[in-house]
Amino acid sequence: MPANHDIYREKVAYLARQTPSNTAVTGGVALFTSAILWHFVPDIWLFLWMMAHLAMTSIAYVRWRRSLSKNRWISSSTTEAREAGKKRFLPLAVGWATLSGAVWGASVFFLPILPPTEQLALIIVMACMASGASSTLAAVPLAAAGFILADLVPAIIYFFLQGTFIYSALGVMAVIFALALLSSTRTVYGYFLTAAHNRSENTALLERIRDERKAAAKTLSQSEERYSDVVETMGDMMITTSASGEFLFVNRSWRETMGYSTADLAGLKFLDTIDEAHRDKVLEITRQIAVTKMDRTDEFMFRTKHGRPVWVEASANPMFEDDRLVRINGIFRDIGLRKNMERIQHETQAQLQQRVSEATSELAAINASLQLEVTERRQAERAWRNSETQLRLILDSTVEAIYGVDRNGRCTFANSACARLLGFEDASEMLGVDMHRLAHAPADNTNGETCAICRVHRENTRRQADDEKFHHQNGGSFPVEYSAGSIVRDGEVIGGVIAFLDITQRRMTEEQLRQSQKMEAIGQLTGGIAHDFNNLLAVIVGNLDLLSSAPEKGLEMSSAVVRKRTQSALQAAERASALTQRLLTFSRKKMLSPQTINPGELVSEMSEMVRGTLGGGVKIDIHLDAPLWNVVVDPSQFENALLNLAINARDAMAGNGVLTIEVKNIFLDAPLFLPRLQVPAGDYVKLGLRDTGAGIRPDILDKVFEPFFTTKDMGQGTGLGLSMVFGFVEQSNGFIHLDSGPDIGTEVSIYLPRAAETEAEAGAGAGADIAESEKSSVNGFLKPCPISPENIRILVVEDDPDVRQSSVAQISELGYQVLCAQDGPGALRQLAANPGINLVYSDVMMPNGMNGLALAGRIRELDSRIKILLCTGYEGDAIMPDEADKPAILQKPVRKAVLAAKLQEMLRA
């Protein structure tokens with residue numbers, strides 16, 4: 001018996017209201033069913049079945065009439081007796097319902113004697129009676145369950161006893177139908193209890209609605225804050241202006257790109273930021289938007305606060321009120337230099353909406369005094385929906401794909417661009433999908449624990465990359481650049497937002513651009529290199545021509561004149577070799593030899609040479625911090641880079657001006673964001689060169705580090721200078737930034753990472769080894785060994801006849817016995833025919849299927865005592881295998897003194 005008497009009274013009243021209709025329906029359906037059974041069921045059984053129905057309906061009706069009669073005449077003094085009668089009523093109702101259902105269930109015994117049509121009719125009647133009981137008796141679930149089970153269980157047993165597939169299927173369907181009716185009874189009973197509780201809770205509803213209104217206002221404020229975060233941190237430039245052009249809102253990306261502060265916008269209009277040549281076009285676009293009331297996409301040029309032009313792709317969305325243009329929302333993408341963009345996920349407010357909706361429906365019968373508060377709550381709802389609609393419109397109008405995830409990595413939001421790129425018809429299909437497995441797990445073959453993108457919804461971090469692959473839901477992939485960030489509320493990460501852009505078309509465009517640049521680079525390289533080499537060859541050929549023509553003319557030259565002309569030709573040849581080394585460095589064929597150095601000492605040592613190179617018209621100011629950190633670089637390349645930059649500065653100042661060189665330590669506790677460059681946090685030594693020259697035009701500023709690009713006239717430079725500096729800094733794990741403008745000079749900043757302590761110690765040890773080596777040298781070459789050249793036999797292997805002749809002559813003049821061969825197989829034949837060869841001097845690149853490295857391997861197999869010395873026109877370290885016993889190698893062209901020292905060193909070993 002329920003403890004809550006109010007609920008008990010509700011049940012009794014509900015059953016009392018249902019009793020007349022139940023008895024009438026039961027009796028009427030029984031009479032109708034007896035007409036169906038009249039010709040097929042024996043009279044005695046049909047009569048008993050009808051009497052059972054009549055008895056059940058009569059008892060229920062008589063008891064209902066008796067209850068009405070008692071309630072009419074009973075006095076208030078017998079309230080307890082009336083309550084006791086009601087309490088007895090419910091158990092009787094359960095028994096009556098169960099017996100009534102059993103009477104209907106007994107009709108199963110008639111099924112074997114009925115034709116199929118009448119069987120179907122009887123089964124339908126039984127199902128309908130059970131279905132009706134699930135609602136009319138729901139106030140007392142036991143009564144409803146008793147009727148349903150007593151009615152349907154016999155039929156279910158009968159179906160399964162037939163042993164056929166059809167009847168078994170009917171039995172399964174009947175079981176499912178019975179369970180569904182029981183579930184429906186429970187649901188209806190739940191609604192019954194809810195209605196009873198609602199009537200008792202109306203008193204406290206006023207206080208609840210006031211609390212909910214406050215919560216709704218707070219949630220609305222938080223929602224607007226989240227929307228502001230999303231818009232403020234988006235990578236696209238976004239603004240909102242009035243119809244007359246005043247700025248109502250600008251996001252951070254627009255402010256950073258355009259260079260305006262919030263205070264600057266107060267006195268500006270939108271047209272003031274447009275380039276003068278495009279203002280008429282923008283005015284026409286605004287007029288068309290106002291007339292057509294449709295979105296518009298176009299391209300035009302902004303002009304930043306500092307005068308820099310910015311080409312943008314603009315998407316304008318007009319907003320109207322009462323058919324009047326009130327504001328324009330604009331989204332702008334920088335199409336000159338694309339940036340990594342960030343998006344913040346919009347968090348839906350479905351729970352708030354559902355709570356507000358339920359509260360509104362329950363308060364339909366509340367006192368009229370609550371109407372004002374209900375109206376205020378609806379206004380708050382409308383404001384939230386307007387804000388949500390506006391943000392959704394803005395996000396769906398951008399071409400960048402954006403999606404958000406919760407802490408489990410499942411999608412909570414996606415714009416239309418994201419759905420389209422990942423192969424979905426609508427963004428709603430992505431909700432709840434595991435985005436790691438869908439989009440980027442096939443690309444990096446990692447799980448969510450190690451995936452860089454997934455870290456944003458597990459910890460407060462940001463991630464970005466411009467070379468990643470995402471996958472369609474059908475398995476295809478496409479290249480993207482992405483930016484990912486965490487959503488943080490109250491210091492806790494609650495999810496993440498990922499914005500990505502399909503860069504397939506950009507990759508194709510870049511590849512086409514590279515192909516076109518190859519032809520342009522070849523033309524520029526041909527002019528610059530040909531000019532430099534022709535000048536060098538003119539010196540070499542001119543001096544050699546003078547030396548060779550003197551005997552023919554009967555002239556006798558003094559040794560000083562011969563030495564002078566020979567020295568001039570050699571210097572020109574060394575300059576040609578240096579130019580070749582620069583080309584090798586650019587092509588990465590030449591590897592750097594990094595050492596731990598103090599950059600301040602190198603700059604100080606080079607100061608006099610730089611002053612002499614730049615001339616008296618250029619004043620040089622050098623500022624060095626003390627002490628300076630060490631860095632790990634190639635000293636010679638560091639010096640070349642400094643000299644290259646100084647010469648460029650002199651040319652830019654036309655030989656007159658001030659060059660400031662500054663070296664200092666800097667510590668970055670956060671990444672340093674510069675135009676076209678991001679320097680990670682850490683310790684660096686900054687080398688800066690600032691001149692007072694003409695500067696560089698903005699339209700070519702991005703090209704200065706490109707190979708073969710030069711602003712000088714044809715034949716006055718190869719365009720490799722700044723490209724080599726860029727390559728040196730990049731290979732040294734550093735960063736280089738160039739800032740310039742017309743008539744304001746140029747400043748080049750090089751950031752070199754600070755050397756670790758272990759690197760500094762290793763550098764000190766290497767310096768000691770070098771010093772020890774220098775002590776045992778004379779004029780840069782090793783001291784000669786006491787070896788008699790006449791007893792040494794050397795085999796020279798070279799495929800070029802002129803080079804072979806020169807090498808043989810050099811070694812012969814040193815006093816050695818010399819043999820020669822033009823390729824690897826010829827060298828092996830010479831070794832077989834001439835035992836006792838002490839050393840093989842071979843070129844690396846040779847024809848006939850055997851190069852110098854292969855020849856060295858064969859010689860080691862034949863006789864490991866034979867020394868092997870290789871020479872090449874490439875940088876040796878770039879072509880040699882990484883082996884402990886790799887052969888010694890010399891760089892072409894080889895001077896006679898260097899060759900003599902190397903031969904003595906190897907023969908002495």
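In the predicted model, helix H16 (residues 599-614) packs against helix H17 (residues 635-652) at an angle of about 40°, and the axes of these two helices lie 10 Å apart. This angle makes H16 oblique to H17, and the crossing of the pair is right-handed. On the side of H16 the contact is formed by Pro599, Leu602, Val603, Met606, Met609, Val610, Thr613 and Leu614, which meet Pro635, Phe638, Glu639, Leu642, Leu643, Ala646, Ile647 and Arg650 of H17. Divided by class, the residues of this contact comprise 13 nonpolar, 1 polar and 2 charged.

A second helix pair is formed by H4 (residues 116-136) and H5 (residues 141-162), whose axes come within 8 Å and cross at roughly 155°. Because angles over 145 degrees count as roughly antiparallel, H4 and H5 are therefore described as roughly antiparallel to each other, and the handedness of their crossing is left-handed. The residues of H4 that take part are Ile123, Met126, Ala127, Met129, Ala130, Ala133 and Ser134, and they meet Ala144, Phe147, Ile148, Asp151, Leu152, Ala155 and Phe159 in H5. The contact of H4 with H5 has 12 nonpolar residues, together with 1 polar and 1 charged.

Turning to the sheets, an open sheet of 5 strands with antiparallel pairing is arranged in the order S2-S1-S5-S4-S3. Its edges are occupied by strand S2 (247-250) and strand S3 (296-303), each of which pairs on one side only, and neighbouring strands of this sheet are turned by 30° against each other on average when direction is ignored. Helix H9 (residues 279-292) packs on this sheet, where it touches S3, strand S4 (309-321) and strand S5 (324-334), and the direction of H9 makes about 150° with that of S3. At the other edge, strand S1 (residues 237-242) pairs with S2 in the antiparallel sense over 3 bridges, and within this pairing Thr240 has Phe249 in S2 as its bridge partner.

Another open sheet of 5 strands, likewise paired in the antiparallel sense, follows the order S7-S6-S10-S9-S8. Strand S7 (411-414) and strand S8 (462-471) stand at the edges of this sheet with a single partner strand each, so one side of S7 and one side of S8 are left without a neighbour in the sheet. The average turn between neighbouring strands, with direction ignored, is 25° here. In the interior of the strand order, strand S9 (residues 477-489) and strand S10 (residues 492-502) run antiparallel and are joined by 10 bridges, with Val480 standing opposite Asp502 in S10.

Parallel pairing is found for strand S22 (residues 793-797) and strand S23 (residues 817-821), which are connected over 5 bridges. Arg793 is placed opposite Gln817 of S23. Together with helix H20 (residues 801-813), strands S22 and S23 make a β-α-β unit, and this unit is right-handed.

Definitions and conventions:
Residues numbered from 1 in each chain as written. Predicted model: local features only at pLDDT ≥ 70, side-chain atom pairs only at ≥ 80, totals over all residues. Heavy atoms only, no water. Axes fitted to C-alpha atoms, helices over the stretch in contact; angles between N-to-C directions. Helix = DSSP H or I, 4+ residues; strand = E, 2+ residues; numbered from the N terminus. Parallel < 35°, antiparallel > 145°, perpendicular 65-115°, else oblique. Left-handed = near helix turned anticlockwise from the far one by under 90°. Contact = heavy atoms within 4.5 Å. Nonpolar A, V, L, I, M, F, W, Y, C, P; charged D, E, K, R; others polar. Pairing = 2+ DSSP bridges. Right-handed = clockwise from strand over helix to strand, strands pointing away.
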